[in-house]
Amino acid sequence: MRKYPLAATFLAAVCALPAFAQSQSSNDWDKIVLEQANGSVMTSTGGDYRSAAIGDQLTVGQYMMLSGAQPGAKLVYYKLDDKGRVIHKCVRDYDQANTYVVDASCKIAAGWAHSGGMNGANVGMIAGAALVGAALLGSEKNTPISSGRR
């Protein structure tokens, strides 16, 4: 019975690894780009609003207003390495008429979203999953659930 809480602890640790990996890069995006726009998309840095076009680069704290029939916008957040290559990418969709503040809280959807091969979080997830699987396979013995009278 003692092995199940241990396996649950390992499983929880493995599931928490992507969150730790995300927290390192979620507040320091190098570029935020408007990559899709439906209806009217306008931006402002505190003054007058201007029409935004696909490909425009936005900044944290900037206002984005969506209006019109079926408004929508897709912002893509990029974290770049020293050579300008994408190492993290996050997509955020907006689909309702409203005014939004562009923030840096975009979260990478999965621990596998790294485009540059293996990193420490991915290796940790694979190793942790292997340990949990081994622990669960090793715990399957033919022992009775109860040793009391039947």
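## The chain at a glance

Reading from the N terminus, the elements of this chain follow the order α-β-β-β-β-β-β-α. That makes 2 helices and 6 strands in the chain. Please keep in mind as you explore that this is a predicted model.

The chain has 150 residues, and buried residues make up 29% of them. About 9900 Å² of the chain is exposed, with carbon and sulfur atoms supplying 55% of that area. If you look at contacts with a separation of 6 or more, 57% of them are between residues 24 or more positions apart.

## The disulfide

Let us turn to the cysteines. A disulfide is a covalent bond between the sulfur atoms of two cysteines. The structure holds 1 disulfide, and the partners are Cys90 and Cys106, whose sulfur atoms are 1.9 Å apart. Which parts of the chain does this pair tie together? Cys90 belongs to strand S5 (residues 86-94), while Cys106 sits in the loop between strand S6 (98-101) and helix H2 (120-138), so the bond joins parts that are 16 residues apart in sequence.

The torsion about the S-S bond of Cys90 and Cys106 is about -80°, and therefore the disulfide is left-handed. Are these two cysteines buried or exposed? Cys90 has a relative accessibility of 2%, so it counts as buried. Cys106 is buried too, with a relative accessible area of 4%. Both values fall below the 20% cut-off used for buried residues.

## Tyr63 and its contacts

Another good place to visit is Tyr63, which is found in strand S4 (residues 63-80). With a relative accessible area of 34%, Tyr63 is partly exposed, because that class lies between the buried limit of 20% and the exposed limit of 50%.

Which residues does Tyr63 contact, leaving aside its neighbours within four places in sequence? They are Met42, Thr43, Ser44, Gly46, Tyr49, Thr99, Tyr100 and Val101. Val101, one of these contacts, is found in strand S6. Although Tyr63 and Val101 are 38 residues apart along the chain, their C-alpha atoms are separated by 4.6 Å.

## A nonpolar patch on the surface

Val101 is partly exposed as well, with a relative accessible area of 48%. Together with Tyr49, the residues Tyr63 and Val101 form a nonpolar patch on the surface. The accessible area of the three residues together is about 250 Å². Residues enter such a patch with over 30% relative accessible area, a limit to set beside the 34% of Tyr63 and the 48% of Val101.

Methods:
Residues are numbered from 1 along each chain as its sequence is written. This is a predicted model: local features need pLDDT of at least 70, side-chain atom pairs count only at pLDDT 80 or more; totals for chains, interfaces and linings use all residues. Side-chain values use heavy atoms; hydrogens and water are left out. Helices (H or I, at least four residues) and strands (E, at least two) are DSSP runs, numbered from the N terminus. Buried means under 20% relative accessible area, exposed over 50%, partly exposed in between (1.4 Å probe, protein chains only). Contact means heavy atoms within 4.5 Å. A disulfide is a pair of cysteine sulfur atoms within 2.5 Å. Accessible areas come from the Shrake-Rupley method with a 1.4 Å probe; for residues, only the protein chains shown count as cover. Patches are made of residues with over 30% relative accessible area and no salt bridge: like charges are joined within 9 Å, nonpolar side chains (Val, Leu, Ile, Met, Phe, Trp, Tyr) within 5 Å. A salt bridge is a side-chain nitrogen of Lys or Arg within 4 Å of a carboxyl oxygen of Asp or Glu.
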